[in-house]
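Work through the exercises below with the sequence and the model side by side. Each task is followed by a solution in steps.

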Amino acid sequence: MSRAIRLNILLTLMAFLMSQLLGNALFAGDLGNVRESAKGSNSKKAAATDDDDRPKKKRKRRHHNDYCDDNDDAFASFSGMVLFYAVASPWIVPPAMLGDDYADVVQFSDFPYDNGHNGFLELVAFDETAQNANSFRLTGEYGTDFSGLERFGGRLQLDNISRWGLDTEWNYWQEDVTGSRHDTLWTGDANLVYRFAQNEHAQFYTGLGLNWLSGGQTDVGFNFTYGFDWFPTEPFVIRSVLDAGTIGDADMYHSKTTLGLVYEHVELFTGYDILHIGDTNLQGIIGGVTFWW
């Protein structure tokens, strides 16, 4: 074998190895970062270990003062009360704002503003029986950040006049990483929710459930959800939801707000969606359709 042929073979092998290494490095886009966050990293553990090994400073002893202790106790009590109401206000304010005393009997309309109603729920007289005890909403949507990241999502919401319901969402993500290569990922959640404030114009709900991620690896975590549906005037529908929890070893925060126009059983909407996992934001403008019945 001549020297020129051996040199060509060597250069070909080097080019192939370099393309594989560069390809794998460039393939780690936003979706790849999400996977890395979900499965954790050794650097975080090392940082925590370094902090633990640092010498601890000795505390200086303070002289005891009863007057200061009394002031500290009063301030702590006041601060605790303020903190409690600040934390609980998202669940205290909406029922008072909507005039919900948990005494009204309600039923669901066939769709928002049906037959000239003010929203989606209808008040029922005490001597009558609710006819529509359940509602179903199926949503399909598309989102993009106009930089190579796309999302195809779906959501199913089941509600009952008992105020309990189910809320589940699933999303398929696709990212243009380099050249013709794409990265894909599935995310979603499933929650048991309770409608804690309601009237004809608006409903507030909260609940607990699970988050999940799949595609290259599978991770699950805890989810908390809080949201509202507002029917200000026909044909508008404003909806917003906030999720907070974990996926694998990563923190997860999700926020979505939409403005829709409803005609009978069909709502067309647009809005903005942001999903934060670890140190990565997956976000963009969204648009879609919801079917009410």
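**Exercise 1. A residue of the surface patch**

Task: Decide whether Val266 is buried, partly exposed or exposed, and find the patch that includes Val266.

Solution. The model is a predicted one. Step 1: Val266 has a relative accessible area of 33%. Buried means under 20% and exposed over 50%, so Val266 is partly exposed. Step 2: the strand that holds Val266 is β11. Step 3: Val266 belongs to a nonpolar surface patch of about 730 Å², together with Phe136, Leu138, Trp170, Trp186, Leu268, Phe291 and Trp293. Step 4: strands β3 and β11 each give at least two residues to this patch.

**Exercise 2. The barrel and its helix**

Task: State how many strands form the closed barrel, and name the helix that packs on the sheet.

Solution. Step 1: the closed barrel has 10 strands, in the order β3-β4-β5-β6-β7-β8-β9-β10-β11-β12, and the pairing is antiparallel. Step 2: on average, neighbouring strands of this sheet are turned by 20° against each other, direction ignored. Step 3: helix α2, residues 30–39, packs on the sheet and touches several strands, including β4, β6 and β12. The direction of α2 makes about 65° with that of β6.

**Exercise 3. Following β10**

Task: Find the pairing partners of β10 and describe how the side chains along β10 are arranged.

Solution. Step 1: β9 pairs with β10 in the antiparallel sense over 12 bridges. Leu242 has Ser255 of β10 as its bridge partner. Step 2: β10 is also joined to β11 by 12 bridges, again antiparallel, and Met252 stands opposite Ile277 in β11. Step 3: both connections are hairpins with two residues between the strands. Gly248 has a positive phi near 60° in the hairpin of β9 and β10, and Glu264 has a positive phi of about 55° in the turn between β10 and β11. Step 4: side chains alternate along β10. Those pointing to one face are buried, among them Met252, His254 and Lys256. Those pointing to the other face are not buried, among them Tyr253, Ser255 and Leu261.

**Exercise 4. Salt bridges between strands**

Task: For the salt bridges Asp229 to Arg137, Asp159 to Arg195 and Arg239 to Glu267, give the N to O distance and the strands involved.

Solution. Step 1: the side chains of Asp229 and Arg137 meet at 2.6 Å, N to O. Asp229 is in β8 and Arg137 in β3, so this pair ties together parts 92 residues apart in sequence. Both Asp229 and Arg137 are buried.

Step 2: Asp159 and Arg195 form a salt bridge at 4.0 Å, N to O. This pair links β4, which holds Asp159, with β6, which holds Arg195, 36 residues apart. Asp159 is buried at 11% relative accessible area, and Arg195 is buried at 6%.

Step 3: in the salt bridge of Arg239 with Glu267, the closest N and O atoms are 3.6 Å apart. Arg239 lies in β9 and Glu267 in β11, 28 residues apart. Arg239 is buried with a relative accessible area of 8%, and Glu267 is buried with 0%.

Step 4: salt bridges with shared partners also join Glu141, Arg151, Glu169, Lys256 and Asp273 into one network. The search of the whole structure finds 12 salt bridges.

Methods. Residues are numbered from 1 along each chain as its sequence is written. This is a predicted model: local features need pLDDT of at least 70, side-chain atom pairs count only at pLDDT 80 or more; totals for chains, interfaces and linings use all residues. Side-chain values use heavy atoms; hydrogens and water are left out. Two strands pair if DSSP finds at least two bridges between them. Helices (H or I, at least four residues) and strands (E, at least two) are DSSP runs, numbered from the N terminus. Axes are lines fitted to C-alpha atoms, for helices over the stretch in contact, and angles run from 0 to 180 degrees between N-to-C directions. Contact means heavy atoms within 4.5 Å. Buried means under 20% relative accessible area, exposed over 50%, partly exposed in between (1.4 Å probe, protein chains only). Patches are made of residues with over 30% relative accessible area and no salt bridge: like charges are joined within 9 Å, nonpolar side chains (Val, Leu, Ile, Met, Phe, Trp, Tyr) within 5 Å. Accessible areas come from the Shrake-Rupley method with a 1.4 Å probe; for residues, only the protein chains shown count as cover.
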